[in-house]
Each structure stands twice: as C-alpha cells, then as structure tokens.
Amino acid sequence: MRGLRLKEIRIRGFKAFNKEVRLNLDYNTVILIGPVGTGKSSVIQALEFALYGTTYDVRVGKLLKLDDLINDFSDKAEVTVKLVDEEGRTYEIIRVKRRGRRTTVRLLINGGPYSGDVQSMIEGLLGLDHDAFSRHILIKHDVLNALIKGPPLRRSEAIDKLLGIETLEECFRSISLRTVEEEISKVEGELNNLKIIYGGNLKDLNNLKVELKKLQEVLRRKKEEVERLEGRLSELESKMHEYLNVRRELDKYETLIEHIKEELRGLKYGIDLEEVKERIKVVVEDVCGTLEEFLLHEEAEKLRKALNTGMKDTLRILRDALYELKWEEDKLRSEIMEINEELINYRNKYENLTNNLRKIRNRLEELKPLVREYEKLSEKYGNLKNLERRIAELNGLRKDIEDKIRAGEERVDLINKVIKELTLSGSTKCPVCRSKVTREKIRELEAERDKIIKSEYSSLRKELERVNSESKNYERIMERMKELSLKLSDYADLVSEESKLKEEEEDYLELIREDEDKLDELRFKLDNLRKLLSKVEGEVEVYEKYLLLKERLSKLREYETKVRQLRERLKRIDFNEDEYKKAIALKESLNAEIASLKAREKDIRGKVEKLTEAVTKIRELTNILNNLRKFKDELIEVKNYLREVQRVVREKRLRDLTEYMNYVFKQIYVHKDLTSLKIDVERAKTEEGYERSVYNILAKRASDGAWIPVYSKLSDGQRAIVALSLVLSLFKMASCNFMTVIFDEPVPNVDSKCKEALLRMITRIEGIEQVILATQDEKFKEIEGPGRFVVYSLSHGGKEGPRIEEVRVVHE
Amino acid sequence: MELDGVVTQFLKAKGKVGELALEIYKAFLKEGRKGVDRVIERKLREIVSEGAKVKGNKNKGV
C-alpha cells in the first residue's frame, strides 16, 4: 500500500529550534531555503526523529547522542509530525526526549490514541525501517557525494549501501581468521613442545606396558603364595596360642609345687596328733582359769565346750580367748600405768607437804622468843586493856594539872594587868569583884603574883612532867605489846597450819602405801598373764603348723595331678615351633620381595601414566589442531558463501537498478549528449588486501555511441544527475508506503534547467507525491515546481531559534 | 524478497557450513563485529573442550 505523505510538522526544543515552529507541509513540493546554520537540516532531522526516535548521525554514524538533539536552551525536544494517507486518515506522531531520560512516543490515528507498539505501527505504516528510510527516502548531500566523488572503492561502498548489500560486505570483513590462526599457532607450539619432550620416550611405552604386565603377573603369584602361607601360619598360630596357654599353666603349677615343697621343708614333720591334743587341753584349762580370774566366765565356758567339738574350732576359740586375754593384758598395763602416775602424784604432794611443814616449824622457832616477851610484859603490866586504862587515868591527871597551870597563868596575867593600870592611873576596879583598887595594893598584888609563880606554879609543872613521862612509858609498852600480839596471832596460825599439814601428810603416806601394794599385785597378775600368753601362743603355733602341713600336703597332691594332665595335653597339641619359625621367615622374605616388586611396578606405572598422558595430550592437541584447521577452512568457506550471496543479490539488484536509473536519468537530464547509463562490475583489491567488487558507472555518448566512465569524463553537474538518477531509482525499487522523498542539498552544481527538470521528474516518478528539499541555493525560489508548491525561507533568529517565513506559495 | 530472506535461503542450502555462515550473519546483524567474534570464540572454545573430552576418555583406559 502506497499513500502516506507529510502534512505538518511542529518542532520545539529540537537542535536549532528553541521556540515552537510549525510548518505546513501539505504541498507537493516544499523548498527550505536558507544560509548555513539556519536549521534546514534540523527540520529534516526532526522529521527523522519523529518517525524513528533517532537520526542517522546518532544510530549509525555515532557522531551524536540523543541528548545532543535537545536545544541548548531547552530541557526537552518535542517533535510532532502529521501524516495523511490517500483515504484521508490522519496519523499524528508525538515524540518527546527529555534530558537524561528515555524518549517517549505517542501515535494518534484520526485523533484517537493508539495503544499497541507505536514504533512497530509507524514502521508498518511507512513500510520502512530506519535503514531503508536513510537509504531510499532521505537523500543527503554526502550520500550523493559519496556516489560521485572519491576513490572507486569508496564509491562502490556507497553503492553497496544504497543496494542494501553493504551488510554482507561488512559481515564478510568482520570474519577475522586471525583469532583462529593464533589458536592454531598456539596449539602447534604446544604440540611441538610435547613432541620434543616425549618424542624419544614414546617408543618405549609399549615395552614398558609389557614389562608392567609381567611384573603384575609375578606380583599376583607372589601374593597368592603369601596368602597360602598365611593360611598355614594361621593354623600354626592357633596351635601355638593353645600350646603357650597350656605351657603357661604348667609353669604356674610347677612353680606352686616348688613353693609348697619349700614351705614343707620349713615345717616340722612327725608331730603327734594325740600329744598335741593333750597339750592343748592343758593350755585350754590354764586359759579358762585365767579368763575366770578376769571374770570372763562366758568366754571360759565357750572355750571348754569347743574342746569337745574339734581341733579347728578349739584353735579358733582359743585364738579368740587369747585376744580377750591380750586385751585384759593391755587393760592391766594401762591400770598399772595409771596407778604409777597416781603414785608419782601422791609422792610429789607428800614431798611438798613435808617441805611446807619444815618451813612452818622454822618460822615457829623464830616466833617463840617474841611469845615469851609478850608473856613477860603481860605478867608485869597486865593485858592491853589494863594498859589502856592506866594511860587514860594519866591523861586525866595531866589535864587537871594543865587546867590548874592555865588558871594560875590567868591570875598572874590579871594581877599584872591590874598592877599595870594602877601604875599608870593610880586606881582601878577589881576585874573579879569590880571593887576599887588603889596603888597601895600594888605590893600586895606583886607578892601574891610571886607566890603563885614560885610555889603553886612550879610544883604543878613538875607533877605534869612526871605524868607525861609515865604516860609515854605506858604508851611505848602498849605499842610493843600490840606488835607482839600480832606475832602471837601468826604463831597461833602457824601452829594450826602445822597440825593440819601433819594430818594431810599422814593421809598421803597412807595412799602411797595402798597404791604401792596395788601396783605390786597388778604387776604380779600381769607377769602371770604374759607367761600364760607366751606359752599358749607357742602351743597354738605348733598346732597351726600341724594344720598347715596337712593342708599343704593335700594341695601338693592336687597340683601334681594337674601337672600330669597338662603335660599329657601338651603332647596332644603337637605344635612344631621350627616349622612356625620357618614359615614366618618365608613370609617376611616374600613380603620383602613383594615390596620391591611393588616399588618397581609403581615406578613403571608412573612412567607409563606419564607417557600415556603425553600421548593423550598429543592426541588431544592433534585433534584440536585438526578441528581448528577445519574450522578455519569452514570460515573461509563462510566468507566465500557471503561473497557468493552478495554477488547473486548484487546482480539481481543491478539489473533492476540500471533499468530504473536510465528511466530517471532521461527525465532529469534534459540535454542530448548522453543517452543512457550502465553499471559494470569489476574485481579490485582493497587496502586491507582482500578482493571486492568495484562498480564502474558508464554513460553512452550520443556523438559516437561510446561508453564513457562517468567519474572521469563527466562534469560535476552531470555526475550529480547520474547519482540522483541512481538514488531515485532505488526509491522506485523500494516497496514502501511513504510517498515523500527528502533531499538535503542534492544538486549544488546543477544548472537551473536541470533543477527544474529534477523537480518535475521527481514528482512524475510513480509513487512520489511529495518532495521536500533543503538547499542554500536561492535560485530555487524562482524555479517552477509541479503541483502545489511552497518555499520557506529560513534565517538566523538568535536564542529562540531560526525564523521561518513563507516566501512563495503556489496553489494548484 | 528482502535481503535477509535471500541470504537465509541461500545459506541454508549450503549444508553445515552454510548454517555456520547463517549463525555468523545473524550475530553480525544483532551485534556487529563483536557478535561475529563471539561466535568464533565460542566455536574455538567448543573445539578445545572437545579435545579435553578425548583426553578424559583416554585416561580411563590407562
């Protein structure tokens, strides 16, 4: 189905365009004219972006990234393209690319959104993928240039691209044999190394394998021999174990017999049983008597009864009785020790008492003279009370005398006072009677005074001295008597103490005598007991020996029987020790031989394994090498196939292409000097060294009918027309639904007649309804185009983007 | 007929090597030169590992 053409485009934020621009494309011919950098190519790329979400420079050329398509002053590029088909259905594609995000696309069919895979839908509607669009619809200046300029190989590549067979060529070139050759070289190297290392030894491998087999056979036989020997050894060992067990038992019994015989040699032979019995009876009686002495009547009774039951019981109970008596002996010994200790204590105390008595007596002797002195003083002065009474009497007398003396002294003082007053005043009053005394009385008073002083006063003083002296004497005697009375008290105490100690001394003496008697008695008892025990133990020992002798003799007979039985058993076992030793030696020798053979086998096996491994490795490497070579051949064959298929497709396409190309050329090229075109294919070597097809386009000269090479003989303009013919014929060959061709600066060097013819011709080509042409050539403003015609003039417009002006419109 | 169809039909008719060629061609269409290298490297690895398998089997017999 053919029928889609462009109706309108809206561009905002895409490449040169910042502010939104809207172009009405609903014409047969749309010319975009403007100088360099005014956005002509941006409009064409915006169309490409809207339809495919990318551009040739982004996807194939890798010159740009999608984000580079966004205007520098905008954060997103948005292009809306409206298409219309022959039935009037509209298709609106809205493509948006935000910086750093994925591109989004929406498709509105007759205003309604399409919900399926939009891109597939668009490509389906157009009948073109991006590659085909780049090849057939968008005819760029550089594509045309590549067809008509440059070296032949480059031109041929450009034609291959247009023919769509460059993929096969590139695929052919991508198949590199170098990797395979390197791998082959590496494997060959490894293989050679292995052959150098093992080359000589590999011949020995078979000999070594034969030797290994022989060795393994010998080893097997030796092992069998060892197994047989081990069977016999096992039998012998079993016998040997039995033999050794019996031998050990025999040795044990023989040792026991020797031991018993040794014991018997130490025992008395020929003891008379009756005599022993009689002696035991006597001993039992003695022991019973002693037990009774120690009040052990029950034990004594038991022992007497045992005498009638048997010798063994008698001996056992006699032993018990002996233990009892020994215990009694111990008790006696302890008692003696206790009494001894007590006696020592008493003696010590007695000695202390004697010492104390001696001291008291000495003291009494010292006090006796003082006692006698006291007695004498008592006889002379009476007792202490008498002395106290007498001293009291003397004290009373002294007091009287002292009162009298004091009265006399007062009278003398009074007389002296009166005399003094009389002497001074001539009269005074009597201090006693208060009568008047005159001076005449002085003499009388003085006489009275002298009398008192000489007679009364003097005698009283003498009497006082005597009384004082007597009193002091009595007091001294009394003091002495008091002292002596104290001594007398001590003396009495000492006498009492002496008497008490004397009694105590006598008590202790009595206790000592008692303990000594008791001690003598216990020692005597202990001595008797010891004698008895010693005697009884001797007798018991004899009797025990007798019993032991009996028992040993019985054991001896038993062991001798056992030894006889064991010897008979030894004979029956029939163990040959020599044979056993020989078998052991043979086994050891065989094992040593096997070990040596195993070492040799291991050595050979190691060599065989190593060589086998080398052989395997060589085989493996050879296999790999063969496969690699085969693979290399296959790759060469693949390349040949690709060439072949390329040739087949090329031939077919060139046939069609030449036919259409001539048709188009004749329409565009209005001059008569060239009549037709053809394409020859030749083989040429590339710089990389492989062969490829090279196209040679030839034009037929009208003047002489010769085929001349386009590249070398035709002008730039003629070559451009040939190239355009070729490209447009490809559009005709393509089976797409898009009725538009887009030219980006297609024919810079073509005269205006040819340009007009070009426009006319394009719209006449079957299937092309619309031409969009971007050019710097101002002459296109005046050129008459077919059908509805519009010319947009583009100019620089600053930050907001190029300005677009509709300068010419021709409505049909 | 489109190019891919022609190529596929042509190579399929070439037997085992044709299959390899088709595999390489498809890898090229998908990933370009890298895809072709990848196919060749994989084939090389297969060849080497096939060789190693031979070694393993031989060792069992030693």
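Visitor: How many salt bridges does the structure hold over all chains?
Guide: Welcome! This is a predicted model, in which local features need pLDDT of at least 70 and side-chain atom pairs count only at pLDDT 80 or more, while totals for chains, interfaces and linings use all residues. Residues are numbered from 1 along each chain as its sequence is written, chains are lettered from A and ligands numbered from 1 in the order in which they are written, and side-chain values use heavy atoms, with hydrogens and water left out. Counting a salt bridge as a side-chain nitrogen of Lys or Arg within 4 Å of a carboxyl oxygen of Asp or Glu, the total over all chains is 73.

Visitor: How far apart in sequence are the parts tied together by K535(A) and D286(A)?
Guide: These two side chains form a salt bridge, with the closest N and O atoms 2.8 Å apart. K535(A) belongs to helix α14 (residues 442-573) of chain A and D286(A) to helix α10 (residues 273-293) of chain A, so the parts that the pair ties together are separated in sequence by 249 residues. Helices here are DSSP runs of H or I with at least four residues, strands are runs of E with at least two, and numbering starts from the N terminus.

Visitor: Are K535(A) and D286(A) buried, partly exposed or exposed?
Guide: Buried means under 20% relative accessible area and exposed over 50%, with partly exposed in between, using a 1.4 Å probe and protein chains only. K535(A) comes out at 40% and D286(A) at 29%. Each of them is therefore partly exposed.

Visitor: About how many helical turns separate E217(A) and R221(A)?
Guide: Their salt bridge has its closest N and O atoms 3.6 Å apart. E217(A) is partly exposed at 32% relative accessible area, and R221(A) is partly exposed at 44%. Because they sit four residues apart in helix α9 (residues 205-266) of chain A, their separation is about one helical turn.

Visitor: Which residue meets E329(A) in a salt bridge of 2.6 Å, N to O?
Guide: E329(A) is buried, with a relative accessible area of 10%, while its partner is partly exposed at 30%. The two lie four residues apart in helix α12 of chain A, about one turn of the helix. That partner is R333(A).

Visitor: And which side chain is joined to that of E329(A) by a polar contact of 3.4 Å?
Guide: Leaving out residues up to four places away in sequence, E329(A) touches L526(A), L529(A), R530(A) and L533(A), where contact means heavy atoms within 4.5 Å. A polar contact is a pair of N or O atoms within 3.5 Å; within protein, one must be able to donate a hydrogen and the other to accept it, and residues adjacent in sequence count only if both atoms are side-chain atoms. The side chain in question is that of R530(A).

Visitor: How far apart are the end C-alpha atoms of helix α1 (residues 40-52) of chain A?
Guide: The expected span of a helix is 1.5 Å times one less than its number of residues. For the 13 residues of α1(A) this gives 18 Å, which agrees with the model's distance of 19 Å.

Visitor: How many residues of α1(A) are buried?
Guide: Among the buried ones are V43(A), I44(A), L47(A), F49(A) and Y52(A). The helix is followed by G53(A), whose phi is positive, near 75 degrees. Of the 13 residues in α1(A), the number buried is 12.

Visitor: Which are the edge strands of the open three-stranded sheet in chain A?
Guide: Two strands pair if DSSP finds at least two bridges between them. The sheet has the order β11-β12-β13, with antiparallel pairing. The strands that pair on one side only are β11 (674-685) and β13 (707-709).

Visitor: At about what angle does helix α6 (residues 152-163) of chain A run to β12(A)?
Guide: β12 (residues 691-701) of chain A pairs with β11(A) in the antiparallel sense over 10 bridges, and α6(A) lies across these two strands. Axes are lines fitted to C-alpha atoms, for helices over the stretch in contact, and angles run from 0 to 180 degrees between N-to-C directions. The angle to β12(A) is about 90 degrees.

Visitor: How far is I804(A) from L794(A), C-alpha to C-alpha?
Guide: I804(A) has its place in strand β17 (residues 803-810) of chain A and is partly exposed at 26% relative accessibility. Its contacts include F17(A), V21(A), L23(A) and L794(A). I804(A) and L794(A) are 10 residues apart in sequence, and their C-alpha distance is 4.6 Å.
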